[in-house]
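Hi everyone, thanks for coming. Let me put the sequence and the structure up on the screen, and then we can walk through them together.

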Amino acid sequence: MADDITPLASLSLTHVYYNPNDPISLLCAWLALVPQALCVVYVTLIWSTREAEVALMFAGQLACEAVNFALKRLIKEERPRHIHTTGGKGYGMPSSHSQFAFFWAVALGLFLLARHRPPPTKNSISHDAAAASTMQQQQTGTGSPPAAVAAAADDREGRQRRQRAVILLRDIERFAHEPWSFAQRAAVSVVALGLACAVAWSRIYLGYHTPKQVLAGVAAGSVSAVGWFAITYMVRQAGLLVWALEMPVARWFRLRDLVVEEDLCQAGWEKWETQRLASRQQQSETKKRKTT
């Protein structure tokens, strides 16, 4: 009966061999999981933001993986010999980890430095102007008809409302998120590139690939990212993305294209702040009425 048991296989998606006595080897094993982690990030961002740009980047990432699959079976170069004794499977040229990581890093850098165009801090300007105008009206009585100014001057509740409006505007301004500057976007791009380099180096350190295979993966990933950026540029310029976003399916999934001009942390922040402060103001007025 025992002889009829089918041998079990290992799911090698997250199965990484490393030297347990070497801390650097352990670090490299964790770096080998970066592609899987990035896939989780992609899916999470697509689901939570419904941004077309994120979906396009993920589509390019999957296309890059398809290119790697084809290249490995076209070139048919084996991995280093010793890795086969520990369970390394498949061809090694080019390194899929290196190609994946460098596509992500280069694509992210191209987006942040070439495509992402955050608007100037117009909210800051409009808030300052609104606050200044309100304060000027409060102090000088200008900006309203004389009768209204006289009535408001005698109306204590009106003055308090104007003061709360100024406080609300200042509060929004104080907590407003400033878009990233070009230097900040460049710094993020460099960090992403550094992480990609670490992933590529880890494949050599763990013995899964030769330096030549890793460099081939770096080149394939970088070229794929530039090519995909050019394709998506032409898609945008031809109006195909706008056309696709107008389709019923895209509207049903609530797909949008805002991240090119608006970073993800800014979206909805001012609306939330206005709602929060208005709720706080309403609670204060309710409490005041109960005490009077």
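Let's start with Arg-236, which is partly exposed, with a relative accessible area of 22%. Please keep in mind that we are looking at a predicted model.

Which residue does Arg-236 bridge to with closest N and O atoms 2.8 Å apart? That is Asp-257, and the two form a salt bridge. Arg-236 sits in helix α10, while Asp-257 sits in the loop between α12 (248–252) and α13 (269–291), so this pair ties together parts 21 residues apart in sequence. Asp-257 counts as partly exposed, at 27% relative accessibility.

Arg-236 has another partner. Its side chain also meets that of Glu-53 in a salt bridge, at 2.6 Å from N to O. Here the partners come from helix α3, for Glu-53, and helix α10, for Arg-236, so the contact ties together parts that are 183 residues apart in sequence. Is Glu-53 buried or exposed? Glu-53 counts as buried, because its relative accessibility is 9% and the cut-off for buried is under 20%.

Now follow Glu-53 to Arg-115. Their side chains meet in a salt bridge as well, with 3.0 Å between N and O. Since Arg-115 lies in helix α5 and Glu-53 in helix α3, this pair ties together parts 62 residues apart in sequence. Both Arg-115 and Glu-53 are buried.

Let me go back to Asp-257 for a moment, at the other end of what we just traced. Asp-257 pairs with Arg-236 at 2.8 Å. Put the shared partners together, and the salt bridges join Glu-53, Arg-115, Arg-236 and Asp-257 into one network. For the bench view, side chains of opposite charge can pair when their charged atoms come close. Across the whole structure, the search finds four salt bridges.

Next, the empty space. Rolling a probe the size of a water molecule over the atoms shows where empty space is left. How many cavities of 30 Å³ or more are there? The count comes to one, and the volume of the largest cavity is about 100 Å³.

Two of our network residues turn up in its lining: Glu-53 and Arg-115 are listed there, along with Leu-56, Met-57, Phe-103, Ala-107, Phe-111, Ala-225, Trp-228, Phe-229 and Thr-232. By class, that lining has eight nonpolar residues, one polar and two charged. Which helices supply at least two lining residues each? They are α3 (52–75), α5 (96–115) and α10 (211–237).

Let's zoom out to the fold. The chain has 13 helices and zero strands. Of its 292 residues, 33% are buried. The UniProt entry, which is unreviewed, places the feature "transmembrane region" at residues 24–47, 95–114, 186–208 and 214–235. Here is how two of those stretches look in the model. Residues 186–208 are 87% helix and 0% strand, with the end C-alpha atoms 31 Å apart. For residues 214–235 the helix content is 100%, strand is 0%, and the end C-alpha atoms are 31 Å apart.

Now a few spots around Asp-257. Val-242, in helix α11 (residues 240–245), is exposed, with a relative accessible area of 55%. In sequence, Val-242 and Asp-257 are 15 residues apart, and their C-alpha atoms are 8.7 Å apart in space.

There is an aromatic pair to point out too, one of three in the structure. The ring centres of Trp-252 and Phe-253 are 4.8 Å apart and their planes make an angle of 85°, so the pair is edge-to-face. Trp-252 is exposed, with a relative accessible area of 66%, and Phe-253 counts as partly exposed at 40%.

Last, the backbone. Most residues other than glycine have a negative phi. Which residue here has a positive phi of about 55° although it is not a glycine? That one is Lys-76, in the loop between α3 and α4 (81–84), and it counts as exposed at 51% relative accessibility. Arg-254 also has a positive phi, near 60°. Arg-254 is found in the loop between α12 and α13 and is exposed, with a relative accessible area of 62%.

That's my tour, thanks for listening!

Notes:
Residues are numbered from 1 along each chain as its sequence is written. This is a predicted model: local features need pLDDT of at least 70, side-chain atom pairs count only at pLDDT 80 or more; totals for chains, interfaces and linings use all residues. Side-chain values use heavy atoms; hydrogens and water are left out. UniProt positions are given in the numbering used here, feature names are shortened, and annotations may be inferred rather than shown by experiment. Helices (H or I, at least four residues) and strands (E, at least two) are DSSP runs, numbered from the N terminus. On a 1 Å grid over the protein atoms alone, a cavity is a set of points where a 1.4 Å probe fits but cannot get out, and a pocket is an open set with protein on both sides within 12 Å along at least five of seven lines; lining residues have an atom within 4 Å of a point. Grid points are joined across faces, edges and corners, and a volume is the space filled by probe spheres set on the points. Ala, Val, Leu, Ile, Met, Phe, Trp, Tyr, Cys and Pro count as nonpolar, Asp, Glu, Lys and Arg as charged, and the others, Gly among them, as polar. Buried means under 20% relative accessible area, exposed over 50%, partly exposed in between (1.4 Å probe, protein chains only). Rings of Phe, Tyr and Trp (its six-membered ring) pair if their centres lie within 6.5 Å; planes under 30 degrees apart count as stacked, over 60 as edge-to-face and the rest as tilted.
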